[in-house]
Every structure is written in C-alpha cells, then in structure tokens.
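The exercises below concern how the chains of one assembly meet, and each task is followed by a solution that goes step by step.

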There are 4 protein chains.
Amino acid sequence: METTTELMKSMARRKDMGMAMDMAAMQEAIDACSTCMQACTMCSDAMGGMDGMAVCASRCAMCAEVCGTTMRMLMRPAGMERTAMIAMLEACTAMCAACMEECRTHADMSATCAMCADACEACDAACSRLLASMTADAV
Amino acid sequence: METTTELMKSMARRKDMGMAMDMAAMQEAIDACSTCMQACTMCSDAMGGMDGMAVCASRCAMCAEVCGTTMRMLMRPAGMERTAMIAMLEACTAMCAACMEECRTHADMSATCAMCADACEACDAACSRLLASMTADAV
Amino acid sequence: METTTELMKSMARRKDMGMAMDMAAMQEAIDACSTCMQACTMCSDAMGGMDGMAVCASRCAMCAEVCGTTMRMLMRPAGMERTAMIAMLEACTAMCAACMEECRTHADMSATCAMCADACEACDAACSRLLASMTADAV
Amino acid sequence: METTTELMKSMARRKDMGMAMDMAAMQEAIDACSTCMQACTMCSDAMGGMDGMAVCASRCAMCAEVCGTTMRMLMRPAGMERTAMIAMLEACTAMCAACMEECRTHADMSATCAMCADACEACDAACSRLLASMTADAV
C-alpha cells in the first residue's frame, strides 16, 4: 500500500535505536492484521444470533480488536517500545490461533468462518515472522 | 478485497429490509475508510511532538478512530439501522473534511500530511457517494 | 473522575476558540459513553450465539464502538472541530436510540439487555444535552 | 460499577470451563484499564504538538488502545480463551510500563503526564494481580 511508504522510511530511521524490523515482514504483518480485522468483524456479525455460535461470535469480536490494535501500534514508530511491541505481537498470534481453531470447527458449514479461519492463520503467520525478525535482530 | 465478498451477499439480502445500498459504493467506502484510518494513524504519530502540530496530531487521531468505526459498522449488516448508519457516514465525512483541511495547510512541508490529506479527501468522497445511494434509495 | 480534571481545564481554554462546551454536560457525556460502551460490549457478547438475537448482538457491537469513539473525541480538545464533533454526537445519539429500541424488546427476558437499554437511553440523553449546550453557544 | 454485575455472574459460570478468575481482581483490572485508557487519550492529545514530546504522545496513543482492547476482552466471557487472555494481559502490563516510564520523565513539568503515569502504574498493577490469580488457578 502506497500510504505506508512514509512509514517504512520512519521505521528505517529507528534502526539506530535498536528497534530495527524487517520492513517487508512489517508490511506483511500490517496487511495481514488489516485483512484479519475485517474478516473477524464480518464473521462475528454473521455468527452472532446463530444458535450455538456464541464462542465464535465472541472470539471473532476479540480478534478483530486485537488485530486492529496491533496494526495501529506497528504504524506508530515514534514511541514504539521493543518489549511492549513484542508482547502485543505475541498476544495477536495467540488470539488469531484461538479464533482460527474455533472457526475451523465449522468452516464446512459457513463460507464466512472458512474465510475468517484463513485470515487468522495468515495473520498468525505474518506476526510470527515479524517477531522472528525482531528477535533475530536482538542477537 | 476477497474477504468482503460474503459481506456483499449479506448486504444484498438486506434489500428487502429497506436498507439497500449500492454494493460498489459500499465497497469503495470500506476501502477508503481503511486507507484513511491507516494514513491518519501514521500522520498523527509523525506530527505528535512536532512544534505547532498539535491540531494536526489530534485531528488525525480522531479521524483514524471515526474511519475505523465507520468501516466496521459497514461490515456489520445484521443489526444495521438506517438512521444511525447515515448519521455515522455524515460524521465520517465531517471528520475527514476537518482533518483534510488541517493537513492541507502543511502538505508542502510534510509528505505524510500530503498523503493524509489525499486519503481524507478520498474517504470523504466515497462516504458521500454511499450516502447519496442510500438517500436515493429512500425516495 | 479525577483524571478528567485536567481535560476540563483544557476545554475551558477553548472558549475563546468558539468551541465552548458546558463542562458539566461534557463530563456527563464522557461518563455516559464509557458506561454505555461497557454495557453494549457485555450485551453483545451475551447475546451473540443466542437464537434470534442477531440484530441485538450486532447493534450492541456497533454501539460500543460509536460510544467509545465519541468519548475519546471529547477527550481530544487540541484538534476538536465544531462541525465534526456535533456530527459525531448526533451519530452517537442515533446509534444509542437504535440499540436501546432493540434491547428494550427483550429486556424482560434478559437482565443484560435491560441494563444495556438503560445505558443507551442515558447516553442518548447525555449526548443530547451536550449537543444542546453547543448549539445554544453558537447563537 | 453496576453494569458489570451481570458480567461477574457470567464469569462465575466459566469456573467449570477452567477459566476461573478472581472476580474482584477482574473488576479492578477492568476499572484500571478504563481509567488508563482515558488518561492516556488525554495525555496523548495534550502532548501532541509539544516540541520534544513525540515519544510521549505516541506511546500514550498506543497505551490507550491496548488498555481499551484488554478491557473489552475481559468483558467478553463467551469466547474467552486462556492463552490469548493471558498474552493480552501481559501485553497490557508491558505497554503500561513503557508508557509510565516515559510519562514519569516529565511528570514534574506536566500535571497531565503525572496523572497518566499514575494511571499506567495502577493498570499495570491491576493486570498483574489478575494474571497472578489466573496462573495460581492453573496449578
């Protein structure tokens, strides 16, 4: 996305502050969080009010919030702090894993849940790759 | 975006409930809100701490929230209510206009503000088109 | 709440910028938005997955977002802009009215919905009072 | 807060699902997150545009989001998942610690930062106590 070009430059300047991130990995994490936030919002809405889907509706609502917050933290380099950023990315992978697990159980009954499970899996993977790049950098 | 295909189908089903929306206009509004939320988040972060940029940093932070909330409301067809949806789209156009006006005043000094002003203008226009399609439908 | 004392002082300084608000009305609106956001979040969670409660779960989720965004806009005086603030308060009253209307229909079956309907009604009223004070000021 | 009484009852029912939480600790964490979200929103707004306050404004904006998301996750018992909830509480304590550290450095120059640092410290402590009660339960 063109809008994040400036962000990339800002982040590059953070390298001398010990906050270096792999820029490609960060862009992928931002995009995956954005897609997952949208998928989870729609899935939560579609499942709310369906008998037996309480866990799915609730978990998707939480996952949408966590992905949105993680994404916006990645877009705020000025005050970024290593420990908090890592902890938030870990919370995001945990939430995506929990949401994916639930949506997968009824993915064959609902195209929305199948789409949501895929978005959760992709977001979990993208945040994990970003985490790996941040940890490798610390060595 | 593929993830919103299911949403479009849900919205189409709302036509018999007096909530018909132009699906292309809705998709454009969702995408414009998403881009504007990201641009405003980054602009708010980049301007915070710059002498004389208090209004810009604050207004961008508010615009990011308004765009995000508008986007997620558009993605929740199950409980969508005509009057509230129209009011929220109007709030979004007003917030985008106020943010654009501020960012434009220093767009020549900052590529981030120029990008943000463009995103606000596009979001204002996309939400206005969706509003027009909803109002036309009511006639 | 003690934390908003500083905010009140900031807002008082806005009087010379044509953004005067009744400070008591603003504090009440902030508190009512906070309570309504919490009530709607819980109600959305409790109703999600209950057969026939799709509209309630969805509308509460939207109302929680709108109240939260309105509250945080009221807490950002630096960039506050009159037209956008009024439009957002109007969106908040419309969303609260729509959510209250839905929750009232099954308030006798669910203590959560009864609580949520009350919180929506109080938030609608508090935002309406703040709107009235802003409009009166403009005369 | 009266509105959370129903939530407490829902959470009590979760005990047989291995998600027992100390209800007093949870209520304190919810209240501390709410206060911290408000304090950080105001502090971010007050510091944005002040020369040299870029880190503070940015970190407060992130902390407000993290506290708000944590609070709403605690209010969604239906789909709560142990691993994700623990990870989010840990992200919240890390973010509060990072924000408090920054605000403390200029607390003597700004009453807003002093208030924000206190709110961050209290939220960090409350979330830590809730985490301790969840971990103790797992033994």
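A salt bridge is taken here as a side-chain nitrogen of Lys or Arg within 4 Å of a carboxyl oxygen of Asp or Glu. The model is predicted, so that local features need pLDDT of at least 70 and side-chain atom pairs count only at pLDDT 80 or more, while totals for chains, interfaces and linings use all residues. Residues are numbered from 1 along each chain as its sequence is written, chains are lettered from A and ligands numbered from 1 in the order in which they are written, and side-chain values use heavy atoms, with hydrogens and water left out.

**Exercise 1.** Find how many salt bridges cross the interface of chain A and chain D, and describe the polar contacts and the helices on the side of chain A.

Step 1. The rule finds two salt bridges across the interface of chain A and chain D; in one of them, the side chain of Arg72(A) meets that of Glu65(D), at 2.7 Å from N to O.

Step 2. Between chain A and chain D, nine residue pairs, both at pLDDT 80 or more, are in polar contact (a pair of N or O atoms within 3.5 Å; within protein, one must be able to donate a hydrogen and the other to accept it, and residues adjacent in sequence count only if both atoms are side-chain atoms).

Step 3. On the side of chain A that touches chain D, helix 3 (54-74) and helix 4 (82-104) each supply at least two residues, and helix 3 gives the most, with 11 residues (helices are DSSP runs of H or I, at least four residues, numbered from the N terminus).

**Exercise 2.** Determine the extent of the contact between chain A and chain D, together with the area buried there.

Step 1. Counting heavy atoms within 4.5 Å as contact, 25 residues of chain A touch 25 residues of chain D.

Step 2. About 2,100 Å² is buried between chain A and chain D, and carbon and sulfur atoms give 69% of this area, where buried area is the accessible area (1.4 Å probe) that two parts lose on being put together, summed over both.

Step 3. Met62(A), Glu65(A) and Arg76(A) supply 24% of the area that chain A buries against chain D, more than any other three residues.
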